[in-house]
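Good morning, colleagues. Thank you for making time for this item on the agenda; please look at the sequence and the structure as I bring them up.

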Amino acid sequence: MTLQRLWAGALRAAALVAALACAPAGAQDFRDPVDQPFTVWPNIPVIRASDLGDYGQDRQIIADLHADKTDPAKVAAALQAVDGLQAHHERAALAELGRSLNVQLIAELDRQARRINTRNPKLRFDFADITPEQLQRPSARDDLPSRVGRITLAAYITYTRLDGALVQATATLVKLRSGASQSFTATAPAPLLAEALARDLFDYFQGTRFTAHQNPLGSAQWLTAAPGHADRLVSRDAALRYCQSQNAALPTAAELETAEAAGFYGGGVALQPAGVYHVQAGLYDTALAHDGAGRARPNHLASVPNGYYYCIRHAAAPARAARTRK
């Protein structure tokens, strides 16, 4: 096992231990505290994983071996190809990628900072006490503890070749003090890989931090259709009966539209692009080009299976305090 792999393994283990020991009570944004830059250790290990693009070639060689087993000459050729797979993988593994990806990533982050003309990039690399020669070899495992006072983040990259020059890489950033981590994956031709990763990193740290979504129907509970109605068109009467059996009702068109805007991951619902849904006023048609009330239309056939549905259950209104009689 190389020093590079030992370094990355130790980093991952330290991150896990620190995360378990220092886990905060509430969820925090990895970029916290706001407006504070992060100092990054510039020696980034780049670790090659399996070359997935070679698997298809391997399967084809084995298939040829089985298909042509009655031809001794073809069998011998196929066996020679199998024997040469290891050498082929070593030649095609983009072994030099790690040497350039480290410095290219830093250069691309600098270029992104110049592009928006900022003097205060959120990611800064600390090159104090490190020589160019040290950047080109795996970092010793004892280097980081001696610098933890001024280094906030460390990083490592794993990559795999997919097909031809196409490479998929994952960059993982680790907070040395807390063990928190954040990963970014990019797929691009090898010459463009550093740029793609840098853009994702730069946008995440430098872009606007939006306020968390607040569900406008947070007091309501959404229910999916009955298990027997899943992904099926049912009649309005059937949808009403099921919703009533769950102490719920069909939503209004406005409620369904609001829930659609909130989305499946924001406390709302996901609607099919060309779906028709039962609502209190009739049918809500997501395929209609216009918005608002125009998306709802009457349903004159309450007994015909012509819509999907969700149910909504509203929180019970608090009981009014009884007035004390004088």
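I begin with R199, which counts as partly exposed at 36% relative accessibility. Please bear in mind throughout that this is a predicted model. The partner of R199 is D203: the two form a salt bridge whose closest N and O atoms are 3.4 Å apart. D203 is likewise partly exposed, with a relative accessible area of 39%. Both residues belong to helix α8, which covers residues 193–206, and they are four residues apart, about one turn of the helix.

A second pair within a helix is found in α5, residues 97–115, where R111 and E108 are three residues apart, again about one turn. Their salt bridge brings the closest N and O atoms to 2.9 Å. How do the two partners stand in terms of burial? R111, at 35% relative accessibility, is partly exposed, whereas E108, at 17%, is buried.

In total, nine salt bridges are counted in this model. Which residues are linked in a network of such bridges? They are D29, R31, D32 and R209.

I turn now to a pair that joins separate regions. E260 and R295 meet through their side chains in a salt bridge, with an N to O distance of 3.5 Å. This pair links distant parts of the chain, 35 residues apart: E260 is in helix α10, residues 253–262, while R295 is in the loop between β9 and β10, the latter strand being residues 296–297. E260 is partly exposed at 26% relative accessibility; R295, at 9%, falls under the 20% limit and therefore counts as buried.

Let us set against these pairs an arginine that lacks such a partner. R236, in helix α9, is buried yet has no salt bridge. Why is D237 not counted as a partner of R236? The side chain of D237 is the nearest of opposite charge, but it is 5.7 Å away, and a salt bridge requires a nitrogen-to-oxygen distance within 4 Å, so the pair does not qualify. What does R236 touch instead, leaving aside residues up to four places away in sequence? The contacts are L250, H278, V279, Q280, G282, N299, A302 and V304.

Two of those contacts, H278 and V279, lead us to strand β8, residues 276–279. There V276 and H278 point one way, Y277 and V279 point the other way, and all are buried. As a general matter, side chains in a regular strand alternate between the two faces of the sheet. Strand β8 runs antiparallel to β9, residues 282–285, and four bridges join the two strands. The connection between β8 and β9 is a hairpin through two residues. Within this pairing, V279 stands opposite G282, and both V279 and G282 are among the residues that R236 touches.

Finally, helix α9 also supplies one half of a disulfide. The model contains one disulfide, formed by C243 and C311, with the sulfur atoms 2.0 Å apart. C243 lies in helix α9, residues 236–245, and C311 in strand β11, residues 311–313; the pair links distant parts of the chain, 68 residues apart. The torsion about the S-S bond is about -85 degrees, so this disulfide is left-handed. Are its cysteines buried or exposed? C243 is buried at 0% relative accessible area, and C311 is buried at 0% as well.

Terms used: Residues are numbered from 1 along each chain as its sequence is written. This is a predicted model: local features need pLDDT of at least 70, side-chain atom pairs count only at pLDDT 80 or more; totals for chains, interfaces and linings use all residues. Side-chain values use heavy atoms; hydrogens and water are left out. A disulfide is a pair of cysteine sulfur atoms within 2.5 Å. Buried means under 20% relative accessible area, exposed over 50%, partly exposed in between (1.4 Å probe, protein chains only). Lys and Arg count as positive and Asp and Glu as negative; His and the chain ends are not counted. Contact means heavy atoms within 4.5 Å. Two strands pair if DSSP finds at least two bridges between them.
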